[in-house]
Amino acid sequence: PDEVKLTPQLKMSPKQLELKVKIDYLLDWKWPTGAQLSKEEAMWAELKGSTYSKAYTFSPFEVKEFMDPPKDAMEFVKESPKVDIAMEAARLVKNHKMAWTYWVVMYVAKYVSHTDLMVDYLVNNVWFKKEEVGVIKGGIKDEEKELIKDKFNSWKIKVLIGWDNIKEGIDLQMNGVLSINLAPWWNPAELIQFWWRVRRQGNPLNYVGMMIPLLENSGDIGIF
């Protein structure tokens, strides 16, 4: 099938804006208080700042050093614009007249701390049944991974959230209509690998969607 690529530009949430100030201090070789770092401290801070500058684009709650855990699924989603738009995209697919036929895959890469809250939100706010939401986690056994894949390809699982191990070795083309990459990484090969889980021979659609939400004035600039 042909591809339709969507790259919505999103504004930061209040907590992301708060966090950006602290991360920028680290990248400038300063403590979040503004105090200057020594040379030894600066090397450590720059590495940490680079890591955090990517993590907080997915969700500010991934930067646990500076951010308290979210109170609930609602706070997690609404303070994480990429996750929020993914939830609304799933809602649109769910409410489409052909919704019983085609479904959504979300890729969270290495940011796996809050997939339970994503499932909670999909069930309690987008109104999927719990058994209609699947998660392929790290360390999952091959037979369990195959079972989840088969449920997705047979309309039983309607939203699939995948960690790093969804990039390869799993075919989701039978019912996949929209892939959402919530954590584009520095290596463009990861983007292509995930994309081809859905857009491959055997998909009955004329086109499939690939959404890559990007956060304004963030580390996403270094990738796209």
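**Two helices and two exposed residues**

Visitor: What is the handedness of the crossing of helix 4 and helix 5, and what makes it so?

Guide: The crossing of helix 4 and helix 5 is right-handed, a word used when the near helix is turned clockwise from the far one by less than a right angle, whereas anticlockwise would make it left-handed. This is a predicted model, in which local features need pLDDT of at least 70 and side-chain atom pairs count only at pLDDT 80 or more, while totals for chains, interfaces and linings use all residues. Residues are numbered from 1 along each chain as its sequence is written, and side-chain values use heavy atoms, with hydrogens and water left out.

Visitor: Which residues make the contact between helix 4 and helix 5?

Guide: With contact meaning heavy atoms within 4.5 Å, helix 4 brings Val-83, Met-87, Glu-88, Ala-90 and Arg-91, and helix 5 brings Met-118, Tyr-121 and Leu-122.

Visitor: Why is Trp-127 called exposed?

Guide: The relative accessible area of Trp-127 is 58%, and exposed means over 50%, buried under 20% and partly exposed in between, with a 1.4 Å probe and protein chains only, so Trp-127 counts as exposed. Trp-127 is placed in the loop between helix 5 and strand 4 (133–136), and has a positive phi of about 70° although it is not a glycine.

Visitor: How do you know that Asn-217 is exposed?

Guide: Asn-217 has 56% relative accessibility and therefore counts as exposed. Asn-217 lies in the segment after strand 8 (214–215), and its phi is near 55°, a positive value in a residue other than glycine.

Notes
Helix = DSSP H or I, 4+ residues; strand = E, 2+ residues; numbered from the N terminus.
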